[in-house]
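Hi there,

Here is the structure I promised to pass on to you. Have a look at it first, and then read on for what turned up.

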Amino acid sequence: MLLAVDIGNSAIKFGLFDGDTLTSRFSIPTKRDATVDDIRHTVGDRLDSSVNAVIVCTVVPQIETAMRAFLLATTCVQPTFIDNSFDFGLKINYEPRESLGTDRLVNAFAAVAKYGAPCIVCSLGTATTIDAVSSDREFLGGVIAPGMDAMAEALHLKAPTLPKIEISKPERVVGSSTGRSIRSGVYYGYVAMVEGLITRLCSESGVSRVVGTGGNAAIFSTDLARIVTVDSDLTLSGLRLLSRQAARL
């Protein structure tokens with residue numbers, strides 16, 4: 001049994017694989033100051049005792065030490081942490097390479113493995129990242145922009161008189177109250193931003209296949225016509241594939 005762990009800015013996702021099959025998944029909030037005991041308490045008894053391999057991708061270095069200790073103590077397996085020096089089978093056209101988020105590389109690797117190259121990977125989470133991979137399997141780079149929740153939070157912080165509200169899809173664009181106007185502006189503004197960025201990346205890179213992933217991908221799939229495939233477990237799938245390479249090292 002393989003345990004894949006994707007440590008993101010807002011959530012830590014755990015996926016248990018039996019061979020190629022994702023048998024269970026769950027997530028916990030990301031807390032940068034979490035201790036081993038904190039993680040153990042939050043995870044509870046949801047990890048299978050038959051885990052014999054662990055692979056991890058993280059964009060939150062502050063929690064790496066505690067997570068490594070927790071996983072080793074819980075599974076009795078030394079976890080493999082993927083970093084940017086790993087062989088992703090891609091030519092990385094990005095400088096400096098060490099500044100590139102490992103999750104972006106894992107997603108690009110997974111998208112090429114599952115859907116082929118060329119492709120564009122659009123991850124909609126705390127941050128929005130949209131990256132292009134050429135037909136020659138070259139990671140061309142991409143864009144980083146705020147996620148929808150970050151946009152809403154920034155609006156409230158910079159304009160305190162505007163309320164902080166729960167963002168969901170409005171029934172109509174025109175808001176008849178301040179709360180509805182904010183909800184519409186953030187939701188449809190985010191859709192317009194992502195759609196515009198995808199269109200520009202497709203035009204500049206010559207790539208048309210777009211794969212969507214991340215916590216908000218399913219929410220926006222009906223409004224983002226350029227995203228033809230939504231794979232919410234893309235990062236976990238990429239970690240599963242990378243675990244085979246790690247086992248051969």
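Let me start at one particular residue pair: Val211 stands opposite Thr229, which belongs to β11. Please keep in mind throughout that this is a predicted model.

That pair belongs to a parallel pairing, in which strand β10 (residues 210-213) and β11 are joined by 2 bridges. Both strands are part of an open sheet of 6 strands with mixed pairing, and its order is β6-β9-β8-β7-β10-β11. At the edges of this sheet you will find β6 (91-92) and β11 (229-230), each of which pairs on one side only. Helix α3 lies across β6, β7 (119-124), β8, β9 (138-146), β10 and β11, and α3 runs at about 125 degrees to β9.

There is another open sheet to look at. It has 5 strands, again with mixed pairing, in the order β3-β2-β1-β4-β5. Here the edge strands are β3 and β5 (80-81), each pairing on one side only. On the β5 side, strand β4 (residues 53-58) runs parallel to β5, and 2 bridges join them. If you want to find that spot on screen, look for Ile55, whose bridge partner in β5 is Thr80. On the β3 side, the pairing is antiparallel: β2 (residues 11-18) and β3 (residues 21-29) are held together over 8 bridges. These two strands form a hairpin with 2 residues between them, and Gly19 has a positive phi near 70 degrees there. Asp18 and Thr21, the latter in β3, stand opposite each other.

Now for the pocket, which may be the part you want to open up in your viewer. How much space lies in the largest pocket? The volume comes to about 730 Å³. Its lining is made up of 33 residues, and those nearest the centre are Gly8, Lys13, Ser123, Gly125 and Thr126. Sorted by class, the lining has 17 polar, 9 nonpolar and 7 charged residues. Several elements contribute at least two lining residues each: the strands β1 (2-7), β2, β3 and β8 (127-133), together with the helices α3 (102-115), α6 (217-220) and α7 (234-248). So you will meet β2 and β3 from the hairpin again in this lining, as well as α3.

A few backbone details are worth a look too. Two peptide bonds ahead of prolines are cis. One joins Glu95 to Pro96, with omega about -15 degrees, and Pro96 sits in the loop between β6 and α3. Another runs from Ala117 to Pro118, with omega near 5 degrees; Pro118 is found in the loop between α3 and β7.

Finally, there are residues with a positive phi that are not glycines. Cys76 has a phi of about 60 degrees, and its place is in the loop between α2 (64-75) and β5. Is Cys76 buried or exposed? Cys76 counts as exposed because its relative accessibility is 68%, and the cut-off for exposed is over 50%. Arg137 also has a positive phi of about 60 degrees and lies in the loop between β8 and β9. With a relative accessible area of 38%, Arg137 is partly exposed.

Happy browsing, and best wishes!

How values were computed: Residues numbered from 1 in each chain as written. Predicted model: local features only at pLDDT ≥ 70, side-chain atom pairs only at ≥ 80, totals over all residues. Heavy atoms only, no water. Pairing = 2+ DSSP bridges. Helix = DSSP H or I, 4+ residues; strand = E, 2+ residues; numbered from the N terminus. 1 Å grid on protein atoms, 1.4 Å probe; cavity = no way out; pocket = protein on both sides within 12 Å on 5 of 7 lines; lining within 4 Å. Points joined across faces, edges and corners; volume = space filled by probe spheres on them. Nonpolar A, V, L, I, M, F, W, Y, C, P; charged D, E, K, R; others polar. Contact = heavy atoms within 4.5 Å. Axes fitted to C-alpha atoms, helices over the stretch in contact; angles between N-to-C directions. Buried < 20%, exposed > 50% of the residue type's maximum accessible area, 1.4 Å probe, protein only.
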